[in-house]
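Q: Hi! I've just pulled this one up and would love to talk it through with you. Mind if I throw some quick questions at you?

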Amino acid sequence: MTYIVKPKFHHPSLPVNELGFTHRDYEGSISTLCAGCGHDAISAAIIQACFELNLPPHRVAKLSGIGCSSKTPTYFLGSSHGFNSVHGRMPSVLTGANLANRDLIYLGVSGDGDTASIGLGQFAHAIRRGVNMVYIVENNGVYGLTKGQFSATADRGSKSKRGVMNNDNSVDLVAMALQVGASFVARSFSGDKAQLVPLIKAAIEHKGAAFIDCISPCVAFNNHPGSTKSFDYVREHNEAVNRLDFMAPRAPIHVDYKPGELEIVEQHDGSKLALRKLHADYDPHDKLGAMTYLQERAHAGEIVTGLLYVEPEADDLHDHLNTVEHPLNELNEKELCPGAGTLAKINASLR
Amino acid sequence: MPIERVNDFVVRFANVNGSGSASANQLFARAVLRMGVPVAPRNIFPSNIQGLPTWYEVRITEAGHLGARGGVDLMVAMNPQTWDKDVASIEPGGYLFYDSTKPLPASKFRTDVTVIGMPLTAICNREYTDPRQRQLFKNIMYVGALTALLDMDVTAVEKLIGEEFKGKDKLIAPNLKALHIGRDYALEHLTCPITLTVKRADAVRDRIYIEGNSAAALGAVYGGATVCAWYPITPSSSLAEAFTRHCARYRIDPQTGRNRYAIIQAEDELASLGIVVGAAWNGARAFTATSGPGISLMQEFLGLAYFAEIPAVLFDVQRGGPSTGMPTRTQQSDIVLAAYASHGDTKHVLLFPEDPAEAFEFGATAFDLADRLQTPIFVMIDLDIGMNHRLCRPLAWEEKRAYDRGKVMTAAELDAGKDFGRYLDVDGDGIPYRTYPGTHPTRGSFFTRGSTRDRYARYTEEGGPYVDNMQRLLRKFETAKGLVPRPVRRDADKPTRHGVIYYGSTSPAMDEAIVELGERGHRLDMLRVRAFPFHQDVADFVADHDFVFVVEQNRDAQLRMLLVNEQSLDPVRLVPVLHYDGTPITARFIVRAIAEHLDALKITPLRKVVS
Ligand SMILES: Cc1ncc(C[n+]2csc(CCOP(=O)(O)OP(=O)(O)O)c2C)c(N)n1
Ligand code: SF4
Ligand SMILES: [Mg+2]
């Protein structure tokens, strides 16, 4: 299982974005995941989103925990620094990284075991603090890497490949994210790139803790009949409440929709989300309503997807801490060290 | 016969926690200091919950012996709950000062100590109506009485009260009044002075008086730490709290009023170290402060930081273990835990400051070492240093001192075509170059992971690159030996075959013990170890002597374990001297242990006598 570098040759006809980068420039090394794994589709969506947003790849920092899902940062954004940390602890590492340099984009990638089992605490606390990040859970209901044990997001009543029934209640990460104050909450499906890519783009443009729970079937251990995280099951029970048709960063929008069907959400940086309503009464700015609605639909066996909640003008951890605009990792002796004169005064006060 | 001493005795205050006694007791200690006489105060606080007993001990010592002495010459017994134990702890010929408002049966006293009763409660009830005032001023009142009993300079106390309440001037007069009520009562009704007295001297000089935790936190400010993540635990909380205070004072951008630092009270110690690792990976200087239980929780991250080579600074303010152990008592019992923290083959750099001045110095240097060596650095403090005020040399900082950010490759160097391999040993010192995230659009990025990789940070499970990397880490540890603070050697006035190794908070007790041992005719060379890995000086020192005592404050002789293990030293020649009951080690203890051993050596072997 050695790391494979993709050959870099640019076809002259490959489309380039505003920065002159091709799609290739956002790729990583070749995936070593199982063919057909949902996680690979999410990596592809991340690549697409970054390409379309014209992000300089090196300005993104990718962090993850441990698991098949957490391995994926090797497979996208090869020019970005990455950090495969320890199991369940990506949120704290990302928090620290973000404190050190507020100018980069932080992309946290995790699994359902990594986040909902071993890392439930860190997940909740990083979101609580409003760390400016995109936090994606590639949710397959099992521990893929350790060969198919149930994770904490496995639904009660779901059957494992070996026929074992899961009797424990599941953790609903979206509900938790809402409860602890994420300012951007979405759920999507790795099999629905059209839905996922704009959501990732919007999450990147969002300031504050943006959380995406992405159902991502594990073809090796959790894609059988009886599983509630199989491709077939998710397709059948997917209930999209809205559709983020596109993201228009800082540009005027011209759209043709009947009144009431489309909402333009403007984020702090001027970027705009064009949100097409699929459910007339679903309001993604009403947190309490969203929570109730999600509980009801979950009870009915539906998997609600879409942009579930957004607070366009959110604060982040740096606002709460009142840190300087300049990245902390660039401050020098002059700015940090009070100096010998001050120390003499301190000494004098201690006599 | 009453003990007769000038500027050399121990006063212990037995109080009820939450009764406001702490500031009065500190006032007493500071007043002695202001008279030019060194003091070594110690808090003994079994718990922080209101109503439980606490003690405050002040060793008054013109000779400057700052270690705990053991025994009490004057007991100020203000807590009925602990009365019996307190009375029993007084040295024969000592004094007992108590609140005599309620009469006590004769059986409650000792005949070999002088009893001084003062009806403090009655006086307070007469002078004040507010219950809180009655409580608070009772404390100041006994300080007033002590100034008379010990023949102290009352103007020193008056001045201190003025300084303490500067800005809250309304409080000055009532405090002065209470002080004088106590003093006047003593002068009028009690025999003053007693045979223990404080006399003006000039033995404090330019020394400062500071808690180790506060000094260490100031070291972190001077050392350029910008990120601190912590989780409250005694006895380390006051370090993070002091950092917060110092930053609010010295780290605000004057233009914008915004903070040049970020402090997170994390959800646990795992997250604390995770935040530190993330921040340090991203080029900020970051630290956590914790104690043994926290270090236990941090194990997995410590292995990651070691193996992925991420700078991190940890202040371990040690307390009594194992488990919750003795949370408010002192020990040096995390040495092995820290030195070999985490699974697999790991070794970490430890620094052992002896007092607040060194806690400051090492607290700052730790950040240079972490960046230079790209590895976790532990600053091993303990409760005795961390949570007590200690007299020490002034904190020092060279004006031109620059931070050593270690080997960080810049965008310009990458552009110039410099070969970047994250784990490539270009200089032969085992230390590779790193890049900060976001440095260059196309060069110098790498993937950080805790799993094995080759010199260019590419994932591999091949044995060759794994061994290559592990060997390089050993080379790096070898490099560390020359960078960490060197041991301090102090030889006896004449050559001797015996030596003693000690470290950290044992210093003052050892300094005192060596004098007494000398008086008893035992000469020893001394080596104060200031860091792990050990400098070559340590092995040389052991080689120079037949026997070396290793004095420590833990049960298992943990530093000795490291000496035997890392230096392949003969264990027979390393004699452990171990104090670990949770109280600070004393000169008395060291003298007894070492003298017993050396006296036994002097006895002629049995066989010789027979033949
Ligand atoms: C402390 C620790 N315990 C256990 C493991 C083993 N382990 C590795 S990945 C994993 C579960 C991963 O599950 P998930 O996050 O859902 O990722 P997936 O593989 O399903 O994408 C476990 C238990 C570990 N790496 N570290
Ligand atoms: S085991 Fe499951 S999660 Fe892991 S790579 Fe294979 S399909 Fe994906
Ligand atoms: Mg999983």
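Q: How much accessible surface does chain B have, and what share of it belongs to carbon and sulfur atoms?
A: The accessible surface of chain B is about 23500 Å², and carbon and sulfur atoms account for 52% of it. Keep in mind that this is a predicted model.

Q: And what about chain A, how much does that one expose?
A: Chain A exposes about 13700 Å², with 53% of that supplied by carbon and sulfur atoms.

Q: Back to chain B: what percentage of the residues is buried?
A: Buried residues make up 60% of the 611 in chain B.

Q: How many helices and strands are in there?
A: Chain B has 21 helices and 23 strands. Its C-alpha trace spans about 85 × 85 × 40 Å along the principal axes.

Q: How does the radius of gyration of chain B sit with that of a compact globule?
A: The two agree: a compact globule of 611 residues would have a radius of gyration near 25 Å, and chain B has 27 Å.

Q: OK, same tour for chain A, please. How many helices and strands?
A: Twelve helices and 13 strands for chain A. The radius of gyration is 21 Å, close to the 20 Å from the globule rule for 351 residues, so chain A is as compact as a globular protein of that length.

Q: What share of chain A is buried?
A: In chain A, 56% of the 351 residues are buried. Also, among contacts in chain A with a separation of 6 or more, 71% are between residues 24 or more positions apart.

Q: Changing topic: how many salt bridges are there over all chains?
A: A search of the whole structure turns up 54.

Q: Nice. Which residue does Arg243(A) meet in a salt bridge?
A: Arg243(A) pairs with Asp192(A), at 2.9 Å from N to O. Arg243(A) is in strand 10 of chain A, while Asp192(A) is in the loop between strand 7 and helix 7, so this pair links distant parts of the chain, 51 residues apart.

Q: Is Arg243(A) buried or exposed?
A: Arg243(A) is buried, with a relative accessible area of 19%. Asp192(A) is buried as well, at 16%.

Q: What does Asp319(A) pair with?
A: Asp319(A) forms a salt bridge with Lys207(A), again 2.9 Å from N to O. Asp319(A) is in helix 10 and Lys207(A) is in the loop between helix 7 and strand 8 of chain A, so the pair ties together parts 112 residues apart in sequence. At 31% relative accessibility, Asp319(A) counts as partly exposed.

Q: And in chain B, which residue meets Asp84(B)?
A: That would be Lys108(B), in a salt bridge of 3.2 Å, N to O. There is also a network in which salt bridges with shared partners join Arg285(B), Asp368(B), Asp371(B), Arg401(B), Arg405(B) and Arg434(B).

Q: Last one: which side chain of opposite charge is nearest to Arg560(B)?
A: It is Glu552(B), at 6.8 Å; Arg560(B) is buried and has no salt bridge. A salt bridge needs the nitrogen and the carboxyl oxygen within 4 Å.

Q: Then what does the side chain of Arg560(B) reach at 2.6 Å?
A: The backbone oxygen of Leu574(B). Arg560(B) is in helix 19 of chain B, and its contacts beyond four places in sequence include Val550(B), Pro571(B) and Pro576(B).

How values were computed
Residues numbered from 1 in each chain as written. Chains lettered and ligands numbered in written order. Predicted model: local features only at pLDDT ≥ 70, side-chain atom pairs only at ≥ 80, totals over all residues. Heavy atoms only, no water. Helix = DSSP H or I, 4+ residues; strand = E, 2+ residues; numbered from the N terminus. Buried < 20%, exposed > 50% of the residue type's maximum accessible area, 1.4 Å probe, protein only. Lys, Arg positive; Asp, Glu negative; His and termini not counted. Polar contact = N/O pair within 3.5 Å; in protein donor to acceptor, adjacent residues only side chain to side chain. Contact = heavy atoms within 4.5 Å. Rg over C-alpha atoms; globule rule 2.2 N^0.38 Å. Areas by Shrake-Rupley, 256 points an atom, 1.4 Å probe, with all protein chains shown as cover.
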